[in-house]
Amino acid sequence: MDPDFEHLRHKPPTALDQPRELIVACCPMRSNVNLSRIVRAASCCAVSKVVVCGNPKIDPKIARDGAEKLPISRHRSLAPVLKDYKQQGYTLVGLEQTTNSHDIHHFSFVRKTVLVIGNERLGITEDILSLLDAVVEIPVYGMPYSFNVATATCMTLYEFCRQFPEG
């Protein structure tokens, strides 16, 4: 059987029936590369906004069009922003290894979600964990003990999009 495949570069984005009500909120990151990869993936998944904290620098060579097309909100600290989103009816879901976290394979996201991403070394701090409605984690089947933060964020964004393919 001879497959007939033609490489398509820069295929237009898949249309959504409605805008995604997903926000990615990042604790201060150590690596601008990780943050830039998160911004690129978030843009590909058509999230509504990325919230960044601290003094972030997004590399446009890594983030590509995401650095220009995606609304990015910069803040000194994350807790007040999360409290505001919670008052607006968003569910706050952390991506972290914790007690009582949910295996991502068995977690049902709600459409109006803020996905909270922790620092590469420190994870999500206790003050932010106390604000969350749920925590999801991705099972690790080998070493090291966890995925890179940008990789884990991409996997979680993919799962959210799988659950809400039309937006």
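## Salt bridge within helix α6

Arg162 and Glu159 both belong to helix α6, where three residues, about one turn of the helix, lie between their positions in sequence. In this predicted model, Arg162 forms a salt bridge with Glu159, and the closest N and O atoms of the pair are 2.7 Å apart.

The two partners fall into separate accessibility classes. Arg162 has a relative accessibility of 49% and counts as partly exposed. Glu159, at 12% relative accessibility, counts as buried, because the cut-off for a buried residue is under 20% relative accessible area.

## Salt bridge between Asp133 and Lys86

The structure holds two salt bridges. Besides the pair in helix α6, Asp133 forms a salt bridge with Lys86, with 3.4 Å between the closest N and O atoms. Asp133 is in the loop between α5 (126–129) and β7, while Lys86 is in helix α4 (residues 79–87), so this salt bridge ties together parts of the chain that are 47 residues apart in sequence.

Both residues of this pair are partly exposed: Asp133 has a relative accessible area of 42%, and Lys86 has a relative accessibility of 34%.

## The largest pocket

The volume of the largest pocket is about 670 Å³. It is lined by 21 residues, of which Pro13, Arg40, Ser43, Cys44 and Cys45 are the closest to the pocket centre. Two elements, α1 (32–44) and α3 (66–69), give two or more residues to this lining. Of the elements, α1 gives the most, with three residues.

By residue class, the lining of the largest pocket divides into ten nonpolar, five polar and six charged residues.

## The second largest pocket

The second largest pocket has a volume of about 390 Å³. Its lining is made of 19 residues, and those nearest the centre are Leu95, Glu96, Ser146, Phe147 and Val149. The elements that give two or more residues to this lining are β7 and α6.

Nine nonpolar, six polar and four charged residues make up the lining of the second largest pocket.

## Phe147 and the nonpolar surface patch

Phe147, one of the residues nearest the centre of the second largest pocket, is located in the loop between β7 (134–137) and α6 (149–163). Its relative accessible area is 36%, and Phe147 is therefore partly exposed.

Phe147 also takes part in a nonpolar surface patch of about 210 Å², together with Val140 and Met155. Phe147 can join such a patch on the grounds of accessibility because its relative accessible area is 36%, and the cut-off for patch residues is over 30%.

## Pro28 and its separation from Glu68

Pro28 is placed in the loop between β1 (22–26) and α1. With a relative accessibility of 42%, Pro28 counts as partly exposed. Pro28 and Glu68 are 40 residues apart along the chain, and their C-alpha atoms are separated by 20 Å.

Terms used. Residues are numbered from 1 along each chain as its sequence is written. This is a predicted model: local features need pLDDT of at least 70, side-chain atom pairs count only at pLDDT 80 or more; totals for chains, interfaces and linings use all residues. Side-chain values use heavy atoms; hydrogens and water are left out. Patches are made of residues with over 30% relative accessible area and no salt bridge: like charges are joined within 9 Å, nonpolar side chains (Val, Leu, Ile, Met, Phe, Trp, Tyr) within 5 Å. Accessible areas come from the Shrake-Rupley method with a 1.4 Å probe; for residues, only the protein chains shown count as cover. A salt bridge is a side-chain nitrogen of Lys or Arg within 4 Å of a carboxyl oxygen of Asp or Glu. Helices (H or I, at least four residues) and strands (E, at least two) are DSSP runs, numbered from the N terminus. Buried means under 20% relative accessible area, exposed over 50%, partly exposed in between (1.4 Å probe, protein chains only). On a 1 Å grid over the protein atoms alone, a cavity is a set of points where a 1.4 Å probe fits but cannot get out, and a pocket is an open set with protein on both sides within 12 Å along at least five of seven lines; lining residues have an atom within 4 Å of a point. Grid points are joined across faces, edges and corners, and a volume is the space filled by probe spheres set on the points. Ala, Val, Leu, Ile, Met, Phe, Trp, Tyr, Cys and Pro count as nonpolar, Asp, Glu, Lys and Arg as charged, and the others, Gly among them, as polar.
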